[in-house]
Amino acid sequence: MTIKRIGVGPRMSAAVIHGDRVFLAGQVADKPTPDVTDQTRQILATIDALLAEAGTDKTKLLTANIWLADIADFAAMNAAWDKWVSPGNTPARATVESKLAGPEYRVEIQVTAAI
């Protein structure tokens with residue numbers, strides 16, 4: 001079975017396709033702002049673009065892992081998530097508080113989708 005990589009870098013790929021699944025790396029905001037809702041919207045737009053490049057979309061999400069720098073941002077992150085996620089096609093999801101790669105990041109999201 002072949003493996004296709006998207007956005008290959010020296011440390012990781014943005015996405016890896018294997019079989020009928022695409023695995024995205026954790027995504028953070030391209031332009032981090034203090035607003036977690038804005039960061040979430042940026043991340044979800046990136047996820048949309050990576051899924052499209054892989055030949056799929058958010059209606060085929062299988063799993064989502066979300067890391068928040070501060071769990072107090074849960075409701076604000078969910079406000080953006082709920083507007084984005086496909087009703088009736090919601091993935092299995094976990095959300096936890098975690099220290100992220102830099103203090104400018106409020107949220108990181110990783111998803112897996114079917115193709």
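1. Burial. Of the 115 residues in the protein chain, 39% are buried. Please keep in mind that this is a predicted model.

2. Fold. The protein chain holds six strands and two helices. Their order along the sequence is β-β-β-α-β-α-β-β. The radius of gyration is 14 Å, and the globule rule gives 13 Å for 115 residues, so the protein chain is as compact as a globular protein of that length. Along the principal axes, the C-alpha atoms fill a box of roughly 40 × 35 × 20 Å.

3. Contacts across the sequence. Consider the contacts in the protein chain with a separation of 6 or more. Residues 24 or more positions apart account for 68% of them.

4. Surface and charge. The protein chain exposes about 6,300 Å². Carbon and sulfur atoms supply 55% of that area. The protein chain carries 12 positive and 13 negative charges. The mean positions of the two sets are 4 Å apart.

5. R5. This residue sits in strand β1, which covers residues 3–8. Is R5 buried, partly exposed or exposed? R5 has a relative accessible area of 47%. Exposed would need over 50%, so R5 counts as partly exposed. Beyond its neighbours within four places in sequence, R5 is in contact with S13, A15 and V16. R5 and E97 are 92 residues apart in sequence, and their C-alpha atoms are 29 Å apart in space.

6. S13. Strand β2 spans residues 13–18, and S13 is found in it. S13 has a relative accessible area of 14%. The cut-off for buried is under 20%, so S13 is buried. Which residues does S13 touch, not counting those up to four places away in sequence? They are R5, I6, G7, V8 and A25. The contact with R5 thus appears from both sides: R5 lists S13, and S13 lists R5.

7. D38. Helix α1 runs over residues 36–54 and includes D38. The relative accessible area of D38 is 23%. Buried requires under 20%, so D38 is partly exposed. What does the side chain of D38 make a polar contact with? The partner is the side chain of T33, at 3.1 Å. D38 and M77 are 39 residues apart in sequence, with 8.7 Å between their C-alpha atoms.

Notes. Residues are numbered from 1 along each chain as its sequence is written. This is a predicted model: local features need pLDDT of at least 70, side-chain atom pairs count only at pLDDT 80 or more; totals for chains, interfaces and linings use all residues. Side-chain values use heavy atoms; hydrogens and water are left out. Helices (H or I, at least four residues) and strands (E, at least two) are DSSP runs, numbered from the N terminus. The radius of gyration is taken over C-alpha atoms; the globule rule is 2.2 Å times the number of residues to the power 0.38. Buried means under 20% relative accessible area, exposed over 50%, partly exposed in between (1.4 Å probe, protein chains only). Contact means heavy atoms within 4.5 Å. Accessible areas come from the Shrake-Rupley method with a 1.4 Å probe; for residues, only the protein chains shown count as cover. Lys and Arg count as positive and Asp and Glu as negative; His and the chain ends are not counted. The place of a charge is taken as NZ of Lys, CZ of Arg, CG of Asp or CD of Glu. A polar contact is a pair of N or O atoms within 3.5 Å; within protein, one must be able to donate a hydrogen and the other to accept it, and residues adjacent in sequence count only if both atoms are side-chain atoms.
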